[in-house]
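User: I am new to reading protein models. Can you take me through one, feature by feature?

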Amino acid sequence: MTDVGYIVVGWVVVVGGLGTYALRVVRRGRALSRELPDEDKPWT
Amino acid sequence: MKPMARGRVGTGTPATRVLGVVTLAAIAVLGLFALVLSPADELQGDSVRLLYVHVPAASLAYLSFAMSAMASALYLWPRTRRPGWDRLAGVTAEIGVLFTGIVLITGMLWGKVSWGAYWTWDARLTSTALLFVLYVGYLAVRRMPAAVDVRAKRSAVVGLVAIIDVPIVHWAVDWWQGQHPQSTILHLHPKISGLMAFSLFLGFVAGLLSFAWLLMHRYRLAVMEDALEAQWLDLAIEDRQREGTVPAAGAAAR
């Protein structure tokens, strides 16, 4: 495979970017949900 | 102050957990096909493997910004005005910025391999960079302190202005002849086929699943952010009211 470095960096950016954002959303969601009653969380 | 609730924690439900597992599986299968099973391109060599994430990310950025603009319009229209539309506009714009960032970085890497430079002032590249800046600005406007309704209306107007750049980005390759290639798949006779086309299809599937998962969780987070903001506002008003009565009572005592 040629240009491996660029391909690997590209894929790391995609998976890492999406993963980091998802993790941040989930963590913040867990933190905020502890401060709110269930009626403010209609999906529960 | 409301009591600290101890019910369900987080933004997940059984349905989003299933969606999350399916999304991770789709990303793994995409990785297998895009990086291992699909062949190198005759012209571009192995750098074509960036196409399987670059193109779907661009499409999802368009989708996110289109949804944001639609939600903004629905918020501005008095008959359909609901806080949920404003929330959806903000959430989809944020996800769109994430996908646009991915498009820019993977595009720059691909450009370095194909053209020998990370960046050229090609119309597609420039308008995409502008799109990124416009929506970062939109997110900044959403954070500017103001009354909830004022902030929502202001953001909706900015969102409707920013969306103008999306068709410019899309048709830039047709309107101005630059270095960026034209559409790979939106032709009567697509330029790729076989395992390469299937890998690209998997890229769209994995991208859409990721988008749906992120949207659901981020929207629920926004619901909680708004509820907390309303709670803080109630507390601030109560404090102000108390501050207003305390000196009066003190003065009466003197």
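User: Which residue takes a positive phi just after helix 3 of chain B?

Analyst: This is a predicted model, so read each value as computed. Look at Gly116(B): just after helix 3 of chain B, Gly116(B) has a phi of about 85 degrees.

User: How do I judge the length of helix 3 of chain B?

Analyst: Compare the end-to-end distance with the expected span. Helix 3 of chain B has 33 residues. From first C-alpha to last, helix 3 of chain B reaches 46 Å, close to the 48 Å expected at 1.5 Å a residue. Now try helix 1 of chain B. Its 24 residues should span 34 Å, and the end C-alpha atoms are 33 Å apart, which agrees.

User: Is helix 3 of chain B mostly covered or uncovered?

Analyst: Count neighbours around each residue. A residue is buried if 20 or more other C-beta atoms lie within 10 Å of its own. By that test, 25 of the 33 residues of helix 3 of chain B are buried, so the helix is mostly covered. In helix 1 of chain B, the buried residues are Thr23(B), Ile27(B), Leu30(B) and Ala34(B).

User: What about whole chains? How many residues does each have, and what share is buried?

Analyst: Chain B has 254 residues, and 35% of them are buried. Chain A has 44 residues, and 32% count as buried.

User: Which class does Phe33(B) fall into, and where does Phe33(B) lie?

Analyst: Phe33(B) lies in helix 1 of chain B, residues 14-37. Phe33(B) has 19 other C-beta atoms within 10 Å, so Phe33(B) is partly exposed. Ser59(B) is in helix 2 of chain B, residues 51-76. With 18 such atoms within 10 Å, Ser59(B) is also partly exposed.

User: What does sequence separation tell me about distance in space?

Analyst: Check both values for each pair. Phe33(B) and Met196(B) are 163 residues apart in sequence, with C-alpha atoms 8.4 Å apart. Ser59(B) and Glu225(B) are 166 residues apart along the chain, and their C-alpha atoms are separated by 28 Å. Leaving aside neighbours within four places in sequence, Phe33(B) is in contact with Ser38(B), Leu195(B), Phe198(B), Ser199(B) and Leu202(B). Now take chain B as a whole. Of its contacts with a separation of 6 or more, 79% join residues 24 or more positions apart.

User: How many helices and strands does each chain have?

Analyst: Chain B has 7 helices and 0 strands. Its pattern along the sequence is α-α-α-α-α-α-α. Chain A has 1 helix and 0 strands. The C-alpha trace of chain A spans about 55 × 15 × 10 Å along its principal axes.

User: How do helix 3 and helix 4 of chain B pack?

Analyst: Read the angle, then the distance. Their axes are 9 Å apart, at an angle of about 150 degrees. Angles over 145 count as roughly antiparallel. Helix 3 and helix 4 of chain B are therefore roughly antiparallel to each other. Their crossing is left-handed. On the helix 3 side, the residues that meet helix 4 of chain B include Gly90(B), Ala93(B), Gly96(B) and Val97(B). Among their partners in helix 4 of chain B are Leu125(B), Phe132(B) and Tyr135(B). The contact has 12 nonpolar, 6 polar and 2 charged residues.

User: At what angle do helix 4 and helix 6 of chain B cross?

Analyst: Roughly 170 degrees, with the axes coming within 8 Å. Helix 4 and helix 6 of chain B are therefore roughly antiparallel. Leu130(B), Leu131(B) and Leu134(B) are among the helix 4 residues here. Helix 6 of chain B brings residues including Val166(B), Ile168(B) and Trp175(B). The contact divides into 10 nonpolar, 2 polar and 2 charged residues.

User: Now the two chains. How many residues does each give to the contact?

Analyst: Chain A gives 31 residues and chain B gives 34. The chain A side has 17 nonpolar, 6 polar and 8 charged residues. Then look at the helices. Helix 1 of chain A, residues 4-33, and helix 3 of chain B have axes that come within 9 Å and cross at roughly 175 degrees. Helix 1 of chain A and helix 3 of chain B are therefore roughly antiparallel to each other. Contact residues include Tyr6(A), Val9(A) and Val13(A) on one side, and Leu98(B), Ile102(B) and Leu109(B) on the other. By class, this helix contact has 10 nonpolar, 4 polar and 1 charged residues.

Notes:
Residues are numbered from 1 along each chain as its sequence is written. Chains are lettered from A and ligands numbered from 1 in the order in which they are written. This is a predicted model: local features need pLDDT of at least 70, side-chain atom pairs count only at pLDDT 80 or more; totals for chains, interfaces and linings use all residues. Two residues are in contact if their C-beta atoms, placed from the backbone, lie within 7 Å. Ala, Val, Leu, Ile, Met, Phe, Trp, Tyr, Cys and Pro count as nonpolar, Asp, Glu, Lys and Arg as charged, and the others, Gly among them, as polar. Axes are lines fitted to C-alpha atoms, for helices over the stretch in contact, and angles run from 0 to 180 degrees between N-to-C directions. Helices (H or I, at least four residues) and strands (E, at least two) are DSSP runs, numbered from the N terminus. Angles under 35 degrees count as roughly parallel, over 145 as roughly antiparallel, 65 to 115 as roughly perpendicular and the rest as oblique. A crossing is left-handed if the near helix is turned anticlockwise from the far one by less than a right angle, and right-handed if clockwise. A residue is buried if 20 or more other C-beta atoms lie within 10 Å of its own, exposed if 12 or fewer, and partly exposed in between; C-beta atoms are placed from the backbone. The expected span of a helix is 1.5 Å times one less than its number of residues.
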